[in-house]
Every structure is written in C-alpha cells, then in structure tokens.
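Trainee: I am new to this structure and would like to go through it step by step, beginning with how far it can be trusted.

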Amino acid sequence: MPALAQHLRISGQVVLAILVNPAGSLECIKVLSGHPLLSDSAVQAAKAWKFKPIQEQGKVLAFCGLLVFHITTGSSDHTPDPCLCAHW
C-alpha cells in the first residue's frame with residue numbers, strides 16, 4: 001500500500017477484471033472500482049500471482065474473472081464471503 005494511503009488511513013475495496021491466459025498468467029487487467037490510491041497496490045498484487053489453469057475436456061483454457069481486494073491500514077473485522085471474492 002502506498003505510504004500516502006497509509007498516512008491518510010484510506011481503506012476500501014478494489015475490484016479488478018482479469019483475463020488469464022492458458023499458462024495461468026494475467027493477459028489483461030482492468031480496475032473496475034476502488035480508490036485510486038489503493039488500485040495500484042491491488043493491480044501489482046494481482047500481477048504477481050500465478051493462476052491455476054482451467055481445463056475442459058482435456059484442453060487448457062483462458063478465462064475471465066473478478067478479483068476483489070479489501071485493503072485497510074489497520075486491523076479489520078471484515079470476513080469476506082469466498083463466493084463473492086472471486087467469480088470465474
């Protein structure tokens with residue numbers, strides 16, 4: 001998280017739309033919502049991830065999805081619903 005966001009105690013949710021190629025790497029990423037000071041941290045985190053390839057009938061496929069980041073500068077009592085945090 002950027003130092004300015006920590007200093008200002010900005011927290012919130014960032015939603016990213018992603019396209020993952022058959023190798024499990026991000027092909028495309030777009031910020032759908034979220035504070036501009038938090039969005040870059042979410043994008044950088046997502047770019048560092050490797051995704052498990054999806055297979056259908058033995059063929060490895062690309063896929064689209066949503067990533068939801070809950071970013072806070074302190075402790076949080078937020079308990080995310082895993083069904084709402086990633087949709088493939």
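Trainee: In which strand of the protein chain is confidence lowest, and in which is it highest?

Mentor: This is a predicted model, and the mean pLDDT of the protein chain is 80, with 72% of the residues reaching 70 or more. Where pLDDT is low, the predicted coordinates should not be read in detail. Confidence is lowest in strand S6, residues 86–87, at a mean of 42, and highest, at 95, in strand S2, residues 26–33.

Trainee: What pattern do the helices and strands follow along the sequence?

Mentor: The protein chain has 3 helices and 6 strands. Read along the sequence, these elements follow the pattern α-β-β-α-β-β-β-α-β.

Trainee: Which residues form the aromatic cluster?

Mentor: The structure holds 2 aromatic pairs, and rings count as a pair if their centres lie within 6.5 Å. The one aromatic cluster is formed by Trp49, Phe51 and Phe69.

Trainee: Is Gln57 buried or exposed?

Mentor: Gln57 lies in the loop between strand S3 (54–56) and strand S4 (59–61), and its phi is near 55°, a positive value in a residue other than glycine. A residue counts as exposed when its relative accessible area is over 50%. Because the relative accessible area of Gln57 is 81%, this residue is exposed.

Trainee: What percentage of the residues of the protein chain count as buried?

Mentor: The protein chain exposes about 5,900 Å², of which carbon and sulfur atoms supply 56%. Buried means a relative accessible area under 20%, and of the 88 residues in the protein chain, the share that counts as buried is 24%.

Notes:
Residues numbered from 1 in each chain as written. Predicted model: local features only at pLDDT ≥ 70, side-chain atom pairs only at ≥ 80, totals over all residues. Heavy atoms only, no water. Phe/Tyr/Trp six-rings, centres within 6.5 Å; stacked < 30°, edge-to-face > 60°. pLDDT = per-residue confidence, 0-100. Helix = DSSP H or I, 4+ residues; strand = E, 2+ residues; numbered from the N terminus. Buried < 20%, exposed > 50% of the residue type's maximum accessible area, 1.4 Å probe, protein only. Areas by Shrake-Rupley, 256 points an atom, 1.4 Å probe, with all protein chains shown as cover.
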